[in-house]
Amino acid sequence: MEKERKKALRAEYDQRRPDMGIVCWQSGERRWIAVSTDAKADYNGSLFQLQLGSWPGRELQRAFSENPSSFTWSLLKKLDYKERDEDHRDDLELLYLQCLDEYPDALPMRPGKRRP
């Protein structure tokens, strides 16, 4: 029975459609944005790194360390897609550019890295 359960869970995981889009950490008027192919996983990972003090972007880490309660996380723009296995990089890049137009003061969440 355990083997069948593992197989069923794996199949369920393979069929899931994670939220893709542009994610944002915000504190007051300051925003940090990034492209995400799995918003929930990126939230968990980034929150863990920020709480641990090991986030690669110094400015975001410094701001978070000074006042973690002032930060909120959000999925700014969600990509609507049909097939999970398709390449969505171009669509995500377009969403990222739209967010930069909408929020010109937004900073990249990870310096030098925008694409998944």
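## Glu 59, the sheet and helix α4

Glu 59 is partly exposed, since its relative accessible area of 40% falls between the 20% and 50% cut-offs. In this predicted model, Glu 59 sits in helix α3, and a handful of residues from elsewhere in the sequence gather around its side of the structure. Leaving out neighbours within four places in sequence, the contacts of Glu 59 are Arg 30, Trp 32 and Leu 107. Leu 107 is 48 residues away from Glu 59 along the chain, yet their C-alpha atoms are separated by 9.7 Å. With Arg 30, the link runs through the side chains, which make a polar contact of 3.0 Å.

That polar contact also counts as a salt bridge, with Glu 59 and Arg 30 meeting at 3.0 Å, N to O. Glu 59 belongs to helix α3 (residues 58–66) and Arg 30 to strand β2, so the pair ties together parts that are 29 residues apart in sequence. Arg 30 is partly exposed too, with a relative accessible area of 40%.

As for the overall layout, the protein has four helices and four strands, and going along the sequence they come in the pattern α-β-β-α-α-β-α-β. Along the principal axes, the C-alpha atoms take up a box of roughly 50 × 30 × 20 Å. Of the 116 residues, 31% are buried. Counting contacts with a separation of 6 or more, 61% are between residues 24 or more positions apart.

The strands make up an open sheet of four, in the order β3-β1-β2-β4 and with mixed pairing. At the edges are β3 and β4, each of which pairs on one side only. Strands of a sheet pair through backbone hydrogen bonds, either parallel or antiparallel. For β1 and β2 the sense is antiparallel, and seven bridges hold the pairing. Within the sheet, Trp 25 stands opposite Trp 32 in β2; Trp 32 is also one of the residues in contact with Glu 59.

Strand β1 also contains Ser 27. At 16% relative accessibility, Ser 27 is buried, because the cut-off is under 20%. Its contacts, setting aside neighbours within four places in sequence, are Ser 70 and Phe 71. With Ser 70 there is a polar contact between the two side chains, at 2.8 Å.

Back to the charged pairs: the structure has four salt bridges in total, and the Glu 59 and Arg 30 pair is one of them. Side chains of opposite charge can pair when their charged atoms come close. Another bridge joins the side chains of Asp 19 and Lys 78, at 3.2 Å from N to O. Asp 19 is in the loop between α1 (2–15) and β1, whereas Lys 78 is in strand β3, so this bridge ties together parts that are 59 residues apart in sequence. Asp 19 comes out as partly exposed at 34% relative accessibility, and Lys 78 is likewise partly exposed at 48%.

Strand β3 takes part in a further bridge, this time with helix α4. Here Glu 102 pairs with Lys 77, and the closest N and O atoms are 3.1 Å apart. Since Glu 102 lies in α4 and Lys 77 in β3, the pair ties together parts that are 25 residues apart in sequence. Glu 102 is partly exposed at 43% relative accessibility, and Lys 77 is partly exposed at 22%.

Helix α4 itself runs over residues 89–102, and at 1.5 Å a residue its 14 residues should span 20 Å; the end C-alpha atoms are 20 Å apart, so the expected and modelled values agree. Its buried residues are Leu 92, Glu 93, Leu 95, Tyr 96 and Cys 99. Looking down the axis of α4, these buried residues fall within an arc of 160 degrees, so they line one face of the helix. The spacing follows a simple rule: an α-helix has 3.6 residues a turn, so residues three or four places apart point the same way.

What covers the buried residues of α4? The cover includes β1 (20–27), β2 (30–36), β3 (71–79) and β4 (107–108). On the face of α4 turned away from this buried side are the exposed residues Asp 90 and Asp 101.

Terms used:
Residues are numbered from 1 along each chain as its sequence is written. This is a predicted model: local features need pLDDT of at least 70, side-chain atom pairs count only at pLDDT 80 or more; totals for chains, interfaces and linings use all residues. Side-chain values use heavy atoms; hydrogens and water are left out. Helices (H or I, at least four residues) and strands (E, at least two) are DSSP runs, numbered from the N terminus. The expected span of a helix is 1.5 Å times one less than its number of residues. Buried means under 20% relative accessible area, exposed over 50%, partly exposed in between (1.4 Å probe, protein chains only). The arc is that of the directions from the helix axis to the C-beta atoms. Contact means heavy atoms within 4.5 Å. A polar contact is a pair of N or O atoms within 3.5 Å; within protein, one must be able to donate a hydrogen and the other to accept it, and residues adjacent in sequence count only if both atoms are side-chain atoms. Two strands pair if DSSP finds at least two bridges between them.
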